[in-house]
Number of protein chains: 2
Amino acid sequence: MNITFLFYNGMTALDAIGPHEILSRLPGATVQRVALSAGKITTCSGLLLNADYALSEVTQSDVLVIPGGGKASSLSDYPEILDWIRLIHSKTTWTTSVCTGSLILGAAGILAGKKATTHWAVMDRLSRWGAEPVQERLVQSGKIITSAGVSAGIDMALTLAAKISGETVAKSLQLALEYDPEPPFDSGSPKKADPILLENLRKKMLAVFDNN
Amino acid sequence: MNITFLFYNGMTALDAIGPHEILSRLPGATVQRVALSAGKITTCSGLLLNADYALSEVTQSDVLVIPGGGKASSLSDYPEILDWIRLIHSKTTWTTSVCTGSLILGAAGILAGKKATTHWAVMDRLSRWGAEPVQERLVQSGKIITSAGVSAGIDMALTLAAKISGETVAKSLQLALEYDPEPPFDSGSPKKADPILLENLRKKMLAVFDNN
């Protein structure tokens, strides 16, 4: 089973690394990290990742994971990336996204008419691509699973792990990663956060997102 | 404010990237990633990270983060790493670890007589270094904060973010990362997991840990 992560400059590292830590441990999984060119990728926090392959070297995958990031919308400027996503998606068993990665799937045209989710701050952008925005932790639409902002990729990957390898494997991975969250605050979703904090952050994030 | 992550071959990427995604966004933070030698680091899932500096190039930091990994115990074979940890710790405001990173702090001799935590599967190993094992999500002992397995680094980093930059900043970061966890199963801690699954995983993880 091939699992392929799309990497790109400006991506959010945790969007990819959460699912990567889970999916790479599935029995029989081979994971590959792919970008426009092989080599160093600069994530939005300055951390460098590494892509093993250029897009042209990978022509199929059983699972595709598209992470998000402040620069996700700029990927619309790279038709070769969108073409590649369409090609891989045509052969996948599961096509998935984390955070604003769903806007890349949208730009590739594969969310039209489908329910999907993304980071809360840019939820309305999904409708630009004909998708129906749903504010949930993750949304399955056929073989496509989109998930909410950044950390939601962990929940998405555990859900996907159970679909691929069964609940026992998924539960064992949850225990291996000791994923028994105890957030010190209850400010992790727009429904729960302080309204002023929410609006300040929304403005700040949209300013970043729309300038990329 | 300098925040320094120790990187090493065999580390678990998520141990570092969870806190990195949070702490790198603190106001005024400068983050550096340091290893025995600058350059590529192979994590336990095959993903490559990059260290910006060699240990010898970094002599102080306000915050130190030590991630864990199956090869954490092998770092005892590198006295230069333990010396460096002691040097940096002597000047930090906060010294922290995720998962088996606390066993590296232990090997460096800085947990003797202190309460600490680590991944549940190796909890008893803390006493080898004179620490008092505590099965909690995170344990603060003076300026040292140790946290439980892998994903616990996210909770630790949000707690630390509040201590450094205040609760409003920490809550805003929680919202930015949409950290409102919804694990699909309730199998994330030894208290909650199925006993047979727990024992099978314990044996498997100890076999990996003790062979490194």
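This is a short chat about how chains A and B of a predicted model meet.

Me: What should I know about the model and its labels first?
Reply: The model is predicted: local features need pLDDT of at least 70, side-chain atom pairs count only at pLDDT 80 or more, and totals for chains, interfaces and linings use all residues. Residues are numbered from 1 along each chain as its sequence is written, and chains are lettered from A and ligands numbered from 1 in the order in which they are written.

Me: How many residues does each chain put into the contact?
Reply: Chain A gives 55 residues and chain B gives 56 residues. Two residues are in contact if their C-beta atoms, placed from the backbone, lie within 7 Å.

Me: Which element of chain A gives the most to that side?
Reply: α5(A), with seven residues. Helices (H or I, at least four residues) and strands (E, at least two) are DSSP runs, numbered from the N terminus.

Me: Do the copies meet through what surface? Or rather, why call it the same surface?
Reply: 100% of the interface residues of chain A are also interface residues in chain B, so the copies meet through the same surface.

Me: New topic. What turn lays chain A on chain B?
Reply: A turn of 180 degrees, with a shift of 0.0 Å along the axis and an RMSD of 0.0 Å. The two copies are thus related as by a two-fold rotation axis. Superposition is by least squares on the C-alpha atoms of residues with pLDDT of at least 70 in both.

Me: Which residue of chain A comes closest to the axis?
Reply: A:Leu49, at 2.5 Å (C-alpha).

Me: And α1(A), buried or exposed?
Reply: Buried: eleven of its eleven residues are, so α1(A) is largely enclosed by the rest of the structure. Buried means 20 or more other C-beta atoms within 10 Å of a residue's own, exposed 12 or fewer, and partly exposed in between, with C-beta atoms placed from the backbone.
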